[in-house]
Amino acid sequence: MFLMITSEMVNEFIAKALNSCIDLGGRILAALIIFIIGKLIVNWINRLFAKMLEKRKVDASIQSFLKSIVNITLLVLLFLAVIGKLGIELTSFAALLASAGVAIGMALSGNLSNFAGGVIILVFRPYKVGDYIEASTGASGTVTDIQIFHTVLTTPDNRIVFAPNGAMSGAVVTNYSRKDTRRVDFSFGVEYGTDFELAKSTIMEVISKDSRILKDPAPFIELGALAESSVNITVRVWVNAADYWGVNFDMNKNVYATFNEKGISFPFPQLTVHQA
């Protein structure tokens, strides 16, 4: 039995195929237009939301977290609008997601933990944007952003570190910026036989010339230890947090120069050998 293909059947097939292509092309074009316009609207809403937060003087840490949530929510809505225009049934799409729920849940378990960690960080505020921190996870640097899943740090050598919020919320975090003042500790070794009072007054002279060192609390200078090759003088001074490293380096340089001027010697490691 042979199927007779007539010209009318061919024309009908071509017409249906052409109509399907036109319909599909129309949906793709409409979806593309929705995506482009929607992306512009999403960017506009993000900027508007950011200005609103700044106008209300919301904390910078909370701002970055809320902006991440709003941006992700808007992008999800835009995605749903695009696939809906392409003719994909949202109910079928939801059923597909539900059928893959276990796999998706396992894949997102870490992100859910990071999201919860971000909420904990914003509520209990162990650190905020602008703080210099060091975590037991090994991450350290200045906090530049607290996102929905990550805390973004900038290291002193200008590297960017993305630390998961879940790990950061459970880590031991040292916040070097929380207090306005910090203590700088020094240990200067001098030779045995050196006049301690002379060394002490010389160090005090160097301290008095540095206006960054605070008078209250008063500087602390005492004999710290009688070491194997040196008499170690312990020095503790208080400075504003922003002056910590400047004072740390300058004190070492100035004490070294002043000791040399006054003939106070720094010892070399020594080893005494007794022959039988």
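A nonpolar core is a set of buried Ala, Val, Leu, Ile, Met, Phe, Trp, Tyr and Cys residues joined through side-chain atoms within 4.5 Å. With that in hand, here are the close-ups, all taken from a predicted model.

**View 1. The largest nonpolar core and its best-connected residues.** This core counts 22 residues. Ile-203, Ile-207, Ile-233, Val-235, Val-237 and Met-251 have the most contacts inside it. Two or more residues each come from β6 (181–190), α6, β8 (231–240) and α7 (244–261). Elsewhere, apart from this core, sits another one of 11 residues, including Tyr-127, Ile-146, Leu-153 and Ala-171.

**View 2. The surroundings of Met-251.** Setting aside neighbours within four places in sequence, Met-251 is in contact with Phe-186, Phe-188, Val-206, Ile-207 and Ile-213. One of these partners, Ile-207, is listed with Met-251 among the residues with the most contacts inside the core.

**View 3. Ser-201 in helix α6.** Helix α6 spans residues 196–208. Here the side chain of Ser-201 reaches the backbone oxygen of Leu-198 at 2.9 Å. The C-alpha atom of Ser-201 is 9.3 Å from that of Ile-221, 20 residues apart along the chain. Is Ser-201 buried, partly exposed or exposed? Its relative accessible area is 38%, so Ser-201 counts as partly exposed.

**View 4. A nonpolar patch on the surface.** Leu-29, Leu-32, Ile-33, Phe-35, Ile-36, Ile-37, Leu-40, Ile-41, Trp-44 and Leu-48 make a patch of about 980 Å². Look for Leu-32 in helix α1, which covers residues 7–55. Leu-32 is partly exposed because its relative accessibility is 46%.

How values were computed
Residues are numbered from 1 along each chain as its sequence is written. This is a predicted model: local features need pLDDT of at least 70, side-chain atom pairs count only at pLDDT 80 or more; totals for chains, interfaces and linings use all residues. Side-chain values use heavy atoms; hydrogens and water are left out. Patches are made of residues with over 30% relative accessible area and no salt bridge: like charges are joined within 9 Å, nonpolar side chains (Val, Leu, Ile, Met, Phe, Trp, Tyr) within 5 Å. Accessible areas come from the Shrake-Rupley method with a 1.4 Å probe; for residues, only the protein chains shown count as cover. A salt bridge is a side-chain nitrogen of Lys or Arg within 4 Å of a carboxyl oxygen of Asp or Glu. Helices (H or I, at least four residues) and strands (E, at least two) are DSSP runs, numbered from the N terminus. Buried means under 20% relative accessible area, exposed over 50%, partly exposed in between (1.4 Å probe, protein chains only). A polar contact is a pair of N or O atoms within 3.5 Å; within protein, one must be able to donate a hydrogen and the other to accept it, and residues adjacent in sequence count only if both atoms are side-chain atoms. Contact means heavy atoms within 4.5 Å.
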